[in-house]
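The following exercises are to be worked with the sequence and the coordinates at hand. Each task is followed by a solution set out in steps.

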Amino acid sequence: MQTDEVSLKKRAESATEKKATFGEDFELAKYEDGSKVSKPIEDLQTLDEESKRTLLQVGVIPSEEGRSGSFLVLDNAVSHSSLKDENVELMSTHEALEKYEWLKDYSWKLVQVDADKYTAKTYLENADGYFIRAPAGKKSSMPVQTCLMLGSKKVSQTVHNIIVVEEGASLDIITGCTAKKGVEEGLHLGISEMYVKKGATLNFTMIHNWAEQIGVRPRTVVHVEEGGTYISNYICLKPVRSVQTYPTVMLEGKGAVTRLNTIAIAHLGSELDLGSRAIFNAPNTRAELISRTITIGGRLIARGEMIGNAKGAKGHLECKGLVLTDKGSQLAIPILEANVDDIELTHEAAVGKIAKDQVEYLMARGLTEEEAIGMIIRGFLDVGIRGIPEELKNEIENTITQTALGM
Amino acid sequence: MLKIEDLTVEVNGKILLHDVNLEVEKGYTNVLFGPNGAGKSALMRTIMGFSEYRIVKGRILFNGEDITNLPVDERARRGLGIMMQRPPDMSGIKLRDLVKVASKGKKDPEKLAENLDMKRFLDRDVNVGFSGGEIKRSELLQLAAQNPSLYLLDEPESGVDLVSIEQVGMTIKGLLEEGMDCPGKRCKKGKSALIITHTGQVLDYVQADKGYILCNGTVMCSGNPLKMLEEIKNKGYQECITCRLMK
């Protein structure tokens, strides 16, 4: 064990300057390390109105109504953790590693410490984060909500999360990543390792709402066992400097299934490099990777990759991108790889403007041009994400209306 | 109600319609006959205002107002409604939502859909994977919600099976007669319509007042629609072209 840690440390140290394969390279030295201590917040409702609104905008409900638990990380400090459902466990990653000897076999096992300088930094800082576990056969009736918030200017936040959904269990998680009002510059590095065991289901929704000068580098790997299901929804509709992420789902057990939905809007000055990858390592596994993106001036890169290594694998990759202004750009990069026979991988990619005949069809029913475009955008972004709170729905609605009007 | 004067229309630089003159009087149901490729759909889509169709010459009057340069939505708001033959797939837009906005929230989509046996389509994406007959019923459902004063119906019976044709025909009849207490007052109080038909089947359900024959991008003649249909069935359109040439 000791030697394990030594070798991980060595590997991480060798990667502190290693640039990531994709995305703008952020100079880590320019950012101060986020504080590891903060005043605990007993009740999220006691937060000021501004902070509460910030939480709501990323799907985190301060009253905790309809949520089985809540967890808040402010910069690098866990500042709130509460739980009301016995069917789920929620605590900080550090606490969990102390409590469960077995957890070390899950920590830094999916995400490589030397993947790039961001993973290296997160490892070397011994970053904390959330640990969520659904014990075997347990189903939490409501989602657990977590929030990762940048609370200070020009700091780098490093987070390490581990999720374990045990055999036959079912868990919903809503994670909101955001910055406190006034924090316009910073860096968020988030490591997430997720384990979906035999016959288990994990429904993971992540909402990003950052600011103009924030760099975001999430690193996520998901391991799905036999008959397990992993569903991910990623939503990013607000301005941000740069998000680069390429979550990977490894389908390791027979009949494992995954679906990843990405919906994003790239504003002027934003670069969103959003990928999703599924690796079919077991027979009869299935994946659907759906990306619906819009640019209104920013650069959008939609990557998708499916690697079929086992018979009976079936996957569909869909990258659809709308370009609503001349300033923005869309780049769709679908990759399909089949390494054995009896595999069916397909992709559908389309980038371009909103079809005029669709707009006029709606106008012929009496809608104005803006209303028609709004309705089309709404439909375009609707990939059937469940469990989004009303406030966030309204927020999305407003963003779409603004987008349609701005055309 | 609708008056088209000397209309010439091009698409991508190609003249599709030229010197078209046509009228739909208030409360009248007029029929547009013509062979494939004559420009019937193009004429209807031009009347609705689709931007692909560029008007080179002539004008379109609706209730006395020149609507030649009005955008599609303005025409819809003034009372024009179209049933398209090949509407675009509207991915992500549920039929229920479109029916709701078309009626400005005034009508219950469930109720309207019931009449057309379209309830199970309300939560499907508009036109996506719809069969020919389903498209017709979906278009009629949207029109029922929209409640226009002039219906532009592009081949309402094409692709509809024999059982559903009665449903489509009766629905159109119902829409055209809406708000009428006595059939005798049709011309004063009923809705107006311009209908494109090849088979004439729809004329079993609605009372047509006047027929126009469109060939090679222009109106060849007008007259009694049922007689015209009879002639076309017997002799085809070649006769019309020859007849026109002789004039």
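The crossing of helix 5 of chain B and helix 6 of chain B is left-handed. This model is predicted, and the exercises below begin with that helix pair.

**Exercise 1. Determine how helix 5 of chain B and helix 6 of chain B are oriented to each other, and which residues form their contact.**

Step 1. Locate the elements: helix 5 of chain B covers residues 132–146, and helix 6 of chain B covers residues 162–176.

Step 2. Take the geometry. The two helices pack at an angle of about 15°, and their axes are 11 Å apart.

Step 3. Classify the angle. Angles under 35 degrees count as roughly parallel; helix 5 and helix 6 of chain B are therefore roughly parallel to each other.

Step 4. List the residues that meet. Helix 5 of chain B contributes B:Gly133, B:Lys136, B:Arg137, B:Leu140, B:Leu143 and B:Ala144, while helix 6 of chain B contributes B:Ser164, B:Val168, B:Thr171 and B:Leu175.

Step 5. Sort the residues of this contact by class: 5 are nonpolar, 3 polar and 2 charged.

Step 6. Consider the spacing of such positions. An α-helix has 3.6 residues a turn, so residues three or four places apart point the same way.

**Exercise 2. Assess whether the radius of gyration of chain A agrees with the globule rule, and describe the fold of chain A in numbers.**

Step 1. Count the secondary structure: chain A holds 7 helices and 21 strands.

Step 2. Apply the rule. For 407 residues the globule rule gives 22 Å, and the radius of gyration of chain A is 21 Å, so chain A is as compact as a globular protein of that length.

Step 3. Add the extent: along the principal axes, the C-alpha trace of chain A spans about 70 × 55 × 45 Å.

Step 4. Examine the interior. Of the 407 residues of chain A, 55% count as buried.

Step 5. Examine the contacts. Where residues of chain A in contact are at least 6 apart in sequence, 83% of those contacts join residues at least 24 apart.

**Exercise 3. State which residues of helix 4 of chain A are buried.**

Step 1. Helix 4 of chain A runs over residues 117–124; 7 of its 8 residues are buried, so this helix is largely enclosed by the rest of the structure.

Step 2. The buried residues are A:Lys117, A:Tyr118, A:Thr119, A:Ala120, A:Lys121, A:Thr122 and A:Tyr123.

Step 3. Just after helix 4 of chain A, A:Asn126 takes a positive phi of about 50°.

**Exercise 4. Decide whether B:Glu110 counts as buried or exposed, and place this residue within chain B.**

Step 1. B:Glu110 belongs to helix 4 of chain B, residues 109–115.

Step 2. A residue is exposed if 12 or fewer other C-beta atoms lie within 10 Å of its own. B:Glu110 has 12 C-beta neighbours inside 10 Å and therefore counts as exposed.

Step 3. Between the C-alpha atoms of B:Glu110 and B:Gly37, 73 residues apart along the chain, the separation is 37 Å.

**Exercise 5. Describe the side of chain A that touches chain B.**

Step 1. The contact takes 17 residues from chain A and 20 residues from chain B.

Step 2. On the side of chain A, helix 5 (356–363) and helix 6 (369–381) each supply at least two residues. The largest share, 6 residues, comes from helix 5 of chain A.

Step 3. By class, this side of chain A has 7 nonpolar, 4 polar and 6 charged residues.

Definitions and conventions. Residues numbered from 1 in each chain as written. Chains lettered and ligands numbered in written order. Predicted model: local features only at pLDDT ≥ 70, side-chain atom pairs only at ≥ 80, totals over all residues. Axes fitted to C-alpha atoms, helices over the stretch in contact; angles between N-to-C directions. Helix = DSSP H or I, 4+ residues; strand = E, 2+ residues; numbered from the N terminus. Parallel < 35°, antiparallel > 145°, perpendicular 65-115°, else oblique. Left-handed = near helix turned anticlockwise from the far one by under 90°. Contact = placed C-beta atoms within 7 Å. Nonpolar A, V, L, I, M, F, W, Y, C, P; charged D, E, K, R; others polar. Rg over C-alpha atoms; globule rule 2.2 N^0.38 Å. Buried ≥ 20, exposed ≤ 12 C-beta atoms within 10 Å, placed from the backbone.
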